[in-house]
Structures are given as structure tokens and as C-alpha cells.
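Work through the exercises below with the sequence and the 3D view open. Try each task before reading its solution.

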Amino acid sequence: MKNAADLYFSLLQGFINSLGDSTQESKLRYVQSFKWTDTLQGHVPSAQQDAVFELISMGFNVALWYTKYASRLAGKENITEDEAKEVHRSLKTAAGIFKHLKESHIPKLLTPPEKGQDLEARLIDAYVIQCQAEAQEVTIARAIELKHAPGLIAALAYETASFYQKADHTLSSLEPAYSAKWRKYLHLKMCFYTAYAYCYHGQTLLASDKCGEAIRSLQEAEKLYAEAEALCKEYGETKGPGPTAKPSGHLFFRKLGSLVKNTLDKCQRENGFIYFQKIPTEAPQLELKANYGLVEPVPFEFPPMSAHWTPEALAAFDLTKRPKDDSVKPKPEDEVKPVKEPDIKPQKDTGCSVS
């Protein structure tokens, strides 16, 4: 996948940059119209007569491929440690591509993306943040498996919940007709990982002999977990673009419900036999900061122009035959049918869904 994409990107550079000087614009930049559909806006494509638009759109879809590849790997029945690392790496790679497109290439478009289109700033930001959040889910699962300190797990969960909350806020000004489903998913994940944070924070408090506060923290985890369960149902019933994950049926989701209940029962028994502490009326404030395990996007750059671009190759293009009508506004009959992806779908529901 990477080799094929890099080959196309390097060839496309010849339509954007002039030979021998990457700061100068190629005379071929505007000779061809390119059309791409947008994730949230149905099957009528956006179009621009601009090779930069093609470069960005291809990069965007390569990033989406990495998210789908991560989902497929995460959906295997018995995922290995190496496969978990690949999931983690793929999501960070996707985040890096989205970030690079926003910072270095989308500003070069002569026609800025319209509201709700894939290349619009709010959507790109949401993709970057969600990729980081879902990569951190892998980190949390690993930390739990290796029985790291509850304080570290609580902090990672809290940071992850904050990512989901930030992504949801980024989409808050979009039209509900095509953002409601995505936002519902982000909200339920925020509730879920906040519940995780309160659960493991409760374990930390108990270890510090603060049993009353631990009980209140676990009660808050129980409340948030119930809210996440309710949101899972609402999410499944919400209409909108994109696939529908089923996080409530995922083992990682169900395990938290049992963990919260068992830990709360333990705290209440300990308080009844040993501590006799008063249970606070207010939940403890989570002021947790993870010093390890935080995800940053992998830096990304497009490959340089292909060596196949020579003065002779460039001279072979006859610009007098370019279309006279530069209008590229798509027509209703230009609707593009969805492409099936039988070889990239996960074998089972992972509870995660970026694209």
C-alpha cells in the first residue's frame, strides 16, 4: 500500500511543482479536473481543476486506509502483541497524514473546502484527534494487561476521554444532519473512558486508605458506565453517514462493567469493616496527567518528485488541448456509487470506528 501510494504521489508532484525548483508552480497544475466524494455528504462528488486537490484527496484517503487497516487488525480473534503495535502505529500514521495535509497543503488550494467537506478544518482536526484517542485505547489495554499502576491507567483513560471530548467539540458547529451520528459515538467514548478513569482512580484512593473517596469515585464510574451503555443504544439508532460500531458488545467494554461493580463492592466491604469513612456527596475532581503513553501523530511528508519527470516528458504535454470550460461543478448525474471493501473490514466488531 505504501509503495503504491508513494509512487503515485511522486508522479503527481510533476503536475504541481516545476522541474528543478519545488517553489515554482508547474504549468500542468490546472490542466485536469479531479473529483472526490466526501465522507459526510453522500455520493455527489466535490471537484476542482487543481492537481493539489488531487494530491490532498489521495493523501486523505491513504490516511483513511490506515484507520481501516487498524480496525481490521484490531478485529482479529486473537490479536498478537506485534499486531497490537501495528494498530497503534497505523493510527498514529493516519493522524500524522491528516495533520500534514491541514498544515502544509490544504492552505494552497485556490478554492477552499466548503463546510462539511472532508478537507474542511473542523473535520481534519476531528480525524487527527480521534486517531490519537483510538491509538491511546491500545495503550490503555496494554497497560491493563501488564498490570501497570492504577494511577497511570486512570491518567491515560482521562487523557483519552479528553481527546474524545475535544473531537466532539470540534464537530459541534457542523450540521446535525450529517454530524449527529459521529458526535454520538464520540460522546459515548468520552463517557466510557471517563468511567475507566474514575474506576482506576478509585483503586488509587483505596490504596491510599481513602476508602470513602474511593467509594464515591467508583459510584461516579458506575453512573458514567450506565450513561455510556445508554448512549450505545442511542448511537445505534442515530441515522447518518459512516459505519455503525457496536462498542457495547465488545469484551473491553463489558469488562469495565464487571470491574466497576467488583471494585465498588470491595470498597464498601472494606469501609464497613475497617475504615468507617464518610462518603463524599461530590465526586472527586479528576486532575490526572499521564507522563507516559500519550500518543503524538507520526510526522509525514510526501515523497519527492519522480525521476520520470524530465524536460522531454513535460514537453510532451500539449496545453493547447486543455478543456476550454474550466467549470468543474459536479452535476447530480455525477453521483458516484460506493466502493465495496471486502478485504479491509474487521472480522468482528472492534468497538472502534474512525472512518
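The exercises go from the overall fold to single residues and then to salt bridges.

This is a predicted model, in which local features need pLDDT of at least 70, side-chain atom pairs count only at pLDDT 80 or more, and totals for chains, interfaces and linings use all residues. Residues are numbered from 1 along each chain as its sequence is written, and side-chain values use heavy atoms, with hydrogens and water left out.

**Exercise 1. Describe the overall architecture.**

Step 1: count the elements. Helices (H or I, at least four residues) and strands (E, at least two) are DSSP runs, numbered from the N terminus. The protein has nine helices and four strands.

Step 2: read their order. From the N terminus, the elements run α-β-β-β-β-α-α-α-α-α-α-α-α.

Step 3: check burial. Buried means under 20% relative accessible area, exposed over 50%, and partly exposed in between (1.4 Å probe, protein chains only). Of the 355 residues, 47% are buried.

Step 4: check the surface. Accessible areas come from the Shrake-Rupley method with a 1.4 Å probe; for residues, only the protein chains shown count as cover. The protein exposes about 18,800 Å², and carbon and sulfur atoms supply 53% of that area.

Step 5: check contact range. Contact means heavy atoms within 4.5 Å. Among contacts with a separation of 6 or more, 77% are between residues 24 or more positions apart.

**Exercise 2. Place Gln 48 and find what its side chain reaches.**

Step 1: locate the residue. Gln 48 sits in strand β4 (residues 46–48).

Step 2: assess cover. Its relative accessible area is 9%, so Gln 48 is buried.

Step 3: find the partner. The side chain of Gln 48 reaches the backbone oxygen of Thr 111 at 3.0 Å.

**Exercise 3. Is Glu 83 buried or exposed, and which residues does Glu 83 touch?**

Step 1: locate the residue. Glu 83 belongs to helix α3 (residues 81–105).

Step 2: assess cover. Glu 83 has 16% relative accessibility and therefore counts as buried.

Step 3: list the contacts. Leaving out residues up to four places away in sequence, Glu 83 touches Leu 73, Lys 76 and Asn 78.

Step 4: take one distance. Ala 70 is 13 residues from Glu 83 along the chain, and their C-alpha atoms are separated by 9.0 Å.

**Exercise 4. Analyse the salt bridges of Lys 189 and Glu 220.**

Step 1: set the criterion. A salt bridge is a side-chain nitrogen of Lys or Arg within 4 Å of a carboxyl oxygen of Asp or Glu. The structure holds 14 salt bridges.

Step 2: take Lys 189. Lys 189 pairs with Glu 137, with the closest N and O atoms 2.9 Å apart. Lys 189 lies in helix α6 (residues 176–207) and Glu 137 in helix α4 (residues 121–145), so the pair ties together parts that are 52 residues apart in sequence. Lys 189 is buried at 3% relative accessible area. Glu 137 is buried at 8%.

Step 3: take Glu 220. Its salt bridge is with Arg 216, at 3.3 Å between the closest N and O atoms. The two residues are four apart in helix α7 (residues 211–237), so about one helical turn separates them. Both Glu 220 and Arg 216 are buried.

**Exercise 5. Trace the network that includes Glu 25.**

Step 1: find the pair. Glu 25 and Arg 29 meet in a salt bridge through their side chains (3.0 Å, N to O).

Step 2: assess cover. Glu 25 is partly exposed, at 43% relative accessible area. Arg 29 is buried, at 7%.

Step 3: extend the pair. Salt bridges with shared partners join Glu 25, Arg 29 and Asp 50 into one network.

How values were computed: Polar contact = N/O pair within 3.5 Å; in protein donor to acceptor, adjacent residues only side chain to side chain.
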